[in-house]
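This report addresses the domain arrangement, a sheet and the chain interface of the model shown here.

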Amino acid sequence: MATVPGCFVVTPSDLSALFGILDELGYRTLGPTVRDGAIVIGEISGISDLPIGITDEQGPGRYRLRDGVAGAWFGFAVGPQSARAHLSPPERPLLEIRSRGPTLEFVEPEHHTERTALFGIRPCDLAAMEVQDRVLARGPHPDPRYVAARDTTLVVVVNCGVPADTCFCPSTRTGPRARSGFDLSVTEVVDQTDHYFVLEPGSEAGVEIVERLEHRPADRAEVNAALATTEAAVEAISRSLPEQLNGRLLAAADHSRWDEVAARCLSCGNCTMVCPTCFCSDVRDTTDLAGDTATRVQVWDSCFTLGHSHLHGGSVRADTRSRYRQWLTHKLDTWWDQFGQSGCVGCGRCITWCPPGIDLTVEAAAIVGGG
Amino acid sequence: MNRPRLAVWKFSSCDGCQLTLLDCEDELLELAHRVDIAYFLEATRAHTEGPYDVSIVEGSITTSDDAERIRRVRAVSGKLVTIGACATAGGIQALRNAADIGDYLSAVYAAPEFISTLDRSTPISDHVDVDFELRGCPIDKGQLLELLSALLVGRRPDIARHSVCLDCKRAGNPCVMVATDTPCLGPVTQTGCGALCPSLDRGCFGCFGPAESVNMAAMVGQLRDRGLDDVGIHRLLNTFNTGAPAFGVES
């Protein structure tokens, strides 16, 4: 059978050499691993760190690990974490000001950007990185630390065959198959008789990795089998976000649904903390006990805190209704005006990891549908 | 330059929050260099008379003598800051507020007639003006150092008022309510502990009291969904911060 250019087949035992190759190329590897009852993103060094044979059951406000297809490397959907913590750490020092007699010394901490391979991130998370790029790398005020981390990050994306109940990436056009933006794309094909990976390099680094792996050109049937896994994922996804929300949510600013959702919302901020595109941060200035050193630190913030909208005289968004409305209208509506696209990539984390299970697809539909 | 004079006072409390100050081992020498520790009986019997630039107050008001004493402390203090759940919310001893004090006295003491106590345990701010309240049972060492550092240079302390959840997610924890159905007060509790309990697979006990924005009706529903009955919910909310209006269920 004819082979397909640019597509390669690698067996599981051969792909396990990838971790050593990434190490040789000077990358530390972050990837999916089980911790605290969830699949999180952590440092991994081999296949024994992967959640092999494990799947996740997700619903609004609910996440459970279960036994999945035996031997499958990627039989699960996204966990609570994305690439965000790697590219913009939750807390990072920005500046230290030291008193030196009559003068002040300003010291910016050195940033150690370690070459990092993000292994096994999903197409929605890759899309989220591109959303954040527009804000933090390609806007009028690029964040040099984000840019440095992004430039030294290698992306091995894994296309999704087993979506969660909370996923809705087909409606945001951000998955379940990645089209671009990766160094290497991996699709797992696993059934009763076969288990292999179809690899597609998306950059020179990706080509080099494939060359170092034991591989062979993929034939048409193998590529079709890979495409069938993501097509099946599309079929399995039932949630969807209403299209073209730009202008429509803000127009419904006085809808009674905002009051209903505020009655359920804990204002805890979990949705914004797990969202892969949220980028708000707070800057904290403190001094030490001796009074001769001031420190400026940047931390993840959330539009659900009162401090986030604190202006002269108090918080502009003092009630939960206005804070939830801010989160949803910015994410789905005014993000278009600001950045020319939606701020939502359909990963469903805000639905799963909201303790009361508030579902933004349901809320958005109710608000723009007039319901 | 004269060093600011610091006093540390104890009312009804377990001393744990004062102990947090003594526990600042790496910073104690610097602190002693920066301030004149003029009154701190847990640390030293040596003390000097007021007035004091800064008074740190631990404990709640549970006797009429203490109600008088806190006024005298206020009168000799420049800044007065309170530390811990007792001083800021009345402490665990505020459980009496929803009970009959006579019942408690006869149940606990062999000779209750020798006990002179008020029927309520109240925070310091119910009695005198307080310049800053530092929450927690016990308080967090890092927050205490931040408060002292701020007082020394005359700036506002950087103490967050939002939920524990933000710091829990910053720490990389999967939510225990979602992943393991563990009842957790994190969403309604003020941060400050560094999400200690959820980081150890336990639910938050609410040691730092109510966060800036609390939706208790929704929180109670979530606790019920995760297996707590009315008695369990009542017990979870009525511990160290039972006296805090948003937490206490005085019924």
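## Domains of chain A

In this predicted model, the centres of domain 1 and domain 2 of chain A, taken over C-alpha atoms, are separated by 25 Å. Domain 1 of chain A spans residues 3-236 and domain 2 spans residues 250-368.

Contact between them involves 39 residues of domain 1 of chain A and 32 residues of domain 2 of chain A. On the domain 1 side, at least two residues each come from strand E5 (62-67), strand E6 (91-100), helix H4 (123-137) and helix H6 (169-172) of chain A. By class, this side of domain 1 of chain A has 20 nonpolar, 11 polar and 8 charged residues.

## An antiparallel sheet in chain A

An open sheet of 4 strands in chain A follows the order E7-E6-E14-E13, with antiparallel pairing. Strand E7 (103-107) and strand E13 (281-287) of chain A each have a single partner strand, so one side of each is left without a neighbour in the sheet. On average, neighbouring strands of this sheet are turned by 20 degrees against each other, direction ignored.

E13(A) pairs with strand E14 (residues 293-300) of chain A over 7 bridges in the antiparallel sense. A:Val283 is placed opposite A:Gln298 in E14(A).

## Interface between chains B and A

Between the chains, 37 residues of chain B are in contact with 40 residues of chain A. Elements of chain B that give two or more residues to its side of this interface include helix H2 (28-34), helix H7 (164-170) and helix H9 (216-225). H6(B) gives the most to that side, with 6 residues. The side of chain B that touches chain A has, by class, 16 nonpolar, 10 polar and 11 charged residues.

Note on methods:
Residues are numbered from 1 along each chain as its sequence is written. Chains are lettered from A and ligands numbered from 1 in the order in which they are written. This is a predicted model: local features need pLDDT of at least 70, side-chain atom pairs count only at pLDDT 80 or more; totals for chains, interfaces and linings use all residues. Two residues are in contact if their C-beta atoms, placed from the backbone, lie within 7 Å. Ala, Val, Leu, Ile, Met, Phe, Trp, Tyr, Cys and Pro count as nonpolar, Asp, Glu, Lys and Arg as charged, and the others, Gly among them, as polar. Domain bounds come from an automatic or database domain assignment. Two strands pair if DSSP finds at least two bridges between them. Axes are lines fitted to C-alpha atoms, for helices over the stretch in contact, and angles run from 0 to 180 degrees between N-to-C directions.
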